[in-house]
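Colleague: I'd like to learn how to read a strand inside a sheet. Can you walk me through one?

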Amino acid sequence: MEQHQHNPTDFPELKNDTFLRAARGEETPYVPVWCMRQAGRYLPEFRELRAEQDFFTTCRTPARCCELTLQPLRRFPFDAAIIFSDILVVPQALGMEVTMVAGKGPTFPEPLKGVEDLLKLRQKVDVTAELGYVFQAITLTRHKLEGKVPLIGFTGAPWTLMTYMIEGGGSNTMSKAKRWLYQYPEASHRLLKLLTDVIVEYLVGQVAAGAQALQVFESHAGCLGPNQFTEFSLPYMREIATRVKAKLKEAALEVVPMIVFAKDAHYGLEDLSQSGYEVVGLDWTICPKNARERTGHRVTLQGNMDPCALYAPKGEIGAIVKQMIEGFGTQRYIANLGHGLYPDMDPEHVGAFVEAVHKHSKTLNQSK
């Protein structure tokens with residue numbers, strides 16, 4: 001049974017490959033759409049299921065992860081699913097304790113305080129032993145999707161994971177983590193390298209388990225300036241893309257499209273478009289036409305509607321979406337929000353967003 005979970009070969013045939021075609025830069029009849037945090041607390045059925053057990057226990061229960069991944073697809077015609085998990089399973093694999101505290105979010109009871117704390121981390125991680133539950137969830141979900149849409153796997157990027165490990169949770173300034181970059185640059189690189197090594201194995205394992213695309217979340221890029229981004233973030237994201245693709249080829253696995261999403265890193269757009277990823281995800285602070293010009297049509301773009309636009313009256317959501325699609329164009333483009341869905345959003349407005357993307361992109365394609 002274990003072997004089947006890690007070497008899955010008998011998946012149902014994919015019926016809707018629009019998202020994958022857009023990711024690879026191929027022509028599509030309409031703009032595909034999915035949402036970051038589409039499996040989430042804005043759905044009453046999600047809240048009901050999640051209330052039954054601790055957050056990270058849910059993450060370690062493949063059947064639960066599968067069910068939470070599928071819930072939004074029963075409501076909305078999304079063009080991709082993203083596995084329900086969390087970026088902080090990687091620090092857990094390194095031996096750190098992380099708990100989810102109500103009203104506060106993820107919390108590390110013992111964050112990294114000084115360079116000597118790096119010795120407490122596992123220096124060699126057996127990724128299958130530590131994170132095999134994610135692989136099992138991916139395999140199970142890929143079967144249960146019945147080929148409806150592709151399944152995306154993901155990870156946090158090294159810098160974003162490092163911020164949590166040092167800050168001990170969320171932070172507005174990231175001052176403790178940034179202090180490391182200035183005071184302990186060598187140790188910072190050691191930690192980022194350790195994280196990179198684990199992430200590479202983790203992403204390859206996700207593809208072996210059945211993931212058909214991968215997204216790397218550099219959610220905390222915005223607290224770095226251009227110089228620190230170039231030194232402490234970008235090289236590791238580049239390395240992840242290069243090594244993952246090389247290892248997939250070596251293992252005779254499909255080299256799947258990879259997405260990089262560096263939130264608030266508009267200063268790094270040119271670099272991101274040449275960092276080895278097929279898709280660059282954008283937050284809502286970037287003008288679509290400007291993003292196209294700066295990335296030189298080298299990559300597919302993904303994004304970037306302000307999540308708060310979903311609070312607009314349902315009728316207005318269509319107009320906002322139309323303007324966004326006209327800005328990006330209908331090809332080499334995947335519609336998404338500029339960040340994740342918020343818990344208090346009305347599912348009907350999410351439905352209006354998805355419907356508007358399909359409708360306006362088909363109309364624009366036909367008018368050409």
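Modeller: Sure, and keep in mind that this is a predicted model. Start with where the side chains go: in S6, Met258, Val260 and Ala262 point one way, while Ile259 and Phe261 point the other way. Residues on both of these sides are buried.

Colleague: Why is strand S6 largely enclosed by the rest of the structure?

Modeller: Buried here means under 20% relative accessible area. Five of the five residues of S6, which spans 258-262, fall in that class, so the strand is largely enclosed by the rest of the structure.

Colleague: Which strands are joined to S6 by bridges?

Modeller: Take S5 to begin with, residues 213-218: five bridges join S5 to S6, and the two run parallel. One pair to look up is Phe217, which stands opposite Phe261 of S6. Then there's S7, residues 279-281, which is joined to S6 by three bridges, also in parallel. Val260 has Val280 of S7 as its bridge partner.

Colleague: And what order do the strands of the sheet have?

Modeller: The order is S1-S4-S5-S6-S7-S8-S9, an open sheet of seven strands with parallel pairing. S1 (81-82) and S9 (333-337) stand at the edges with a single partner strand each, so one side of each has no neighbour in the sheet.

Technical notes
Residues numbered from 1 in each chain as written. Predicted model: local features only at pLDDT ≥ 70, side-chain atom pairs only at ≥ 80, totals over all residues. Heavy atoms only, no water. Buried < 20%, exposed > 50% of the residue type's maximum accessible area, 1.4 Å probe, protein only. Helix = DSSP H or I, 4+ residues; strand = E, 2+ residues; numbered from the N terminus. Pairing = 2+ DSSP bridges.
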